[in-house]
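Biologist: I should be grateful for a close look at a single part of this model. Please begin with one short helix and its ends, and then proceed to the interior of the protein.

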Amino acid sequence: MGMSQQSSDVAQFHVENIGGISETSVDIPPGVTVLTGKNATNRTSFLQSIMAVMGSNQATLKGDADTGSVELSIGGQSYERRLKRTGETVQFEDGGYLDDPAVADVFAFLLETNEARQSVARGDDLREIIMRPVDIDEIKHEIRRLEEEKGEINDELAEIESKKRNLPDLEQQKSKIQDQISEKRDELAEKEDDIDSNSRDIEESRKEQEELEDKLDELRSTRSDLESARRQIETQEESISSLKQERQELESELSDLPETPMGEHQHLDDEISRLRDQRQALNTEISDLQSLIQYNEERLEEEDYGVIQSLDDEQDEPADAVTDKLLDDDESIVCWTCGSTVEREQIEETVTRLQDLRQEKVEALNDLKSELDDLKSQQREAEQQQQRREDVQRQIEDIETELERREDQIDSLKERRESLTDQVQTLEEEVDDLESEDFDDILSLHKEANQLEFEIDSLESDLDEISSEIESIEELLDRADDLRAERDELVEELTDKRTKIDQIEAGAVEEFNEHMDAILDIMQYENLERIWIERVERTVREGRQKVDRTAFELHIVRTTDNGAAYEDTIEHLSESEREVTGLIFALAGYLVHDLHETVPFMLLDSLEAIDSSRIAELVAYFADYAQYLVVALLPEDAQALDEEFHRITSI
């Protein structure tokens with residue numbers, strides 16, 4: 001899901017068989033919506049419905065239903081999430097608003113059991129909770145990729161710089177060759193004038209002269225072809241040498257790559273598949289435990305359940321006996337799972353143990369996810385090495401083919417060179433046969449002119465090559481500016497990636513400290529001066545090594561009656577103070593992970609530990625950060641809130 005729809009659209013919900021709700025339709029306008037009512041009025045069930053259609057799996061089916069659904073219409077779009085009971089588990093279909101609701105579960109859906117909200121009171125690793133949504137391995141992989149790209153650009157720029165240093169010499173050579181060509185042309189013009197002068201003296205031998213000139217032209221052309229063949233041979237030999245060097249480098253790289261084919265990495269696929277199955281099983285167990293915990297909590301909230309059950313069980317007893325039961329102060333109730341009479345405290349203890357078990361399962365799931373990420377990284381590295389090995393082998397094969405082709409060309413060129421050499425020798429002999437004493441001077445002039453023309457052709461060929469090389473270097477120099485700009489972008493992106501973790505950590509601490517200071521100023525708790533988080537470096541042992549790790553330390557500062565400050569511990573905070581601290585920590589995560597841009601709903605529930613006036617201040621404070629803030633409150637607490645807030649009294 002991309003950016004949330006920032007509009008004035010009313011969010012329309014239709015809910016069937018979620019929690020304690022049979023069927024209902026509720027409209028939620030932007031801003032603050034207060035769900036007000038006594039306990040067991042389906043306020044929490046409706047919050048779960050919002051979570052479900054957002055994509056969360058932290059919702060339960062109605063106890064007597066096998067299917068349930070939540071539909072949401074918002075911003076011109078519709079979303080539907082269906083739930084289905086399969087045996088002892090509940091299956092959630094896709095179709096929620098969020099592609100990945102994990103971050104929202106921790107930092108936006110702040111119900112009573114929310115992990116970020118409870119983390120402060122439990123003394124959890126606050127940094128781990130903040131950084132959990134960040135794929136650190138993916139960031140490291142991206143850094144390596146960007147560094148490789150930057151290295152390739154640096155190599156290309158270094159090559160361009162090397163060629164740029166050759167540019168003055170090439171320009172000098174070009175100028176020198178141009179001067180030589182000019183000199184040769186002047187000399188050739190003089191020879192041609194001499195030839196014209198001498199030709200007038202031997203008009204009678206025009207026929208012999210023309211024949212000689214034809215032979216000289218043919219000799220010049222053949223010599224030019226011979227020189228061209230020699231140059232082509234040199235060029236091919238240089239190319240072969242370069243190809244052999246490239247092949248040697250590739251063979252060296254190939255020898256460093258592992259020879260294990262991907263087929264032998266099957267154990268990684270099998271292990272990943274096994275861990276995925278375990279992850280699915282743990283997710284199912286956690287969902288089942290959550291459903292069981294929620295069900296029992298809802299039953300405990302229905303305070304008249306035990307009396308109703310007693311009335312049902314003893315409907316045949318005399319009226320006086322039933323009245324005695326109603327007036328009995330005994331806290332025992334009828335267990336709704338086995339039918340036996342148990343102390344309410346026993347059921348509450350059982351629920352607590354179930355909550356502890358669920359937490360253990362969650363921790364096991366996190367460990368399993370970490371192991372699964374490591375295996376995926378190994379698999380990805382193996383695939384990259386295998387792909388590179390195949391690419392190198394293919395390049396070596398291409399080079400071998402190219403070498404064979406060029407060697408065949410050299411053989412053909414050498415045969416042509418030998419043939420042209422023989423032709424030149426034959427033509428020189430024929431020219432010698434045509435020479436006579438009368439034509440010595442004119443023949444000498446023709447030979448010299450012929451040689452000059454050959455030298456001019458050769459120089460012009462050299463000039464073309466140097467000009468082409470200069471032009472190529474100038475094009476590279478133009479490309480160098482683009483490469484530098486591209487490298488600057490890569491460096492900026494690398495800097496962002498390398499500092500992303502620090503930025504998130506620092507941002508979370510800054511957000512928490514800023515909002516904690518602001519809320520304490522508003523709440524005015526007695527002698528509670530400040531609560532703040534400090535980023536510290538701790539040395540921890542990982543295996544046999546000691547490494548430095550960042551940690552978040554929570555500090556609490558109180559003041560005595562005479563104004564002296566001292567540091568306190570989380571255990572000494574009141575329940576209200578702990579709740580507010582946990583909620584502000586969740587808000588910090590909500591902001592640092594930019595959930596205000598992607599998750600339109602923030603949910604608040606179970607605020608009874610905070611007095612009503614402070615609840616009103618807290619809700620007003622949170623209202624600035626969420627497009628839709630939905631709060632479940634008891635009627636007496638809701639009375640303190642702004643009358644302009646939208647209220648829903650019946651679900």
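Modeller: In this predicted model, Gly123 adopts a positive phi of about 75° just after helix H3. Helix H3 itself spans residues 115-122. At its N-terminal end, H3 is capped by Asn114, which places a side-chain oxygen 3.1 Å from the backbone nitrogen of Ala116. Ala116 is also one of the buried residues of H3, together with Glu115, Arg117, Ser119 and Val120.

The interior may be considered next. The largest nonpolar core comprises 104 residues, and Phe13, Ile28, Phe601 and Phe622 have the most contacts inside it. Helix H11, residues 440-523, gives the most to this core, namely 12 residues. A second core, separate from it, has 11 residues, among them Leu443, Leu445, Leu452 and Ile456.

Phe601 shows how residues from distant parts of the sequence meet: leaving aside residues up to four places away in sequence, Phe601 touches Ala11, Phe13, Ile28, Ile50, Met54, Leu72, Ile74, Ala108, Phe109, Tyr628 and Val630.

Phe622, also among the residues with the most contacts inside the largest core, takes part in a contact between two helices. These are H12, residues 575-592, and H14, residues 612-622, whose axes come within 12 Å and cross at roughly 5°. H12 and H14 are therefore roughly parallel to each other. H12 contributes Leu583, Ile584 and Leu587 to the contact, while H14 contributes Leu618, Tyr621 and Phe622. The contact residues comprise 6 nonpolar, no polar and no charged.

Key:
Residues numbered from 1 in each chain as written. Predicted model: local features only at pLDDT ≥ 70, side-chain atom pairs only at ≥ 80, totals over all residues. Heavy atoms only, no water. Core = buried A, V, L, I, M, F, W, Y, C linked by side-chain atoms within 4.5 Å. Buried < 20%, exposed > 50% of the residue type's maximum accessible area, 1.4 Å probe, protein only. Helix = DSSP H or I, 4+ residues; strand = E, 2+ residues; numbered from the N terminus. Contact = heavy atoms within 4.5 Å. Axes fitted to C-alpha atoms, helices over the stretch in contact; angles between N-to-C directions. Parallel < 35°, antiparallel > 145°, perpendicular 65-115°, else oblique. Nonpolar A, V, L, I, M, F, W, Y, C, P; charged D, E, K, R; others polar. Polar contact = N/O pair within 3.5 Å; in protein donor to acceptor, adjacent residues only side chain to side chain.
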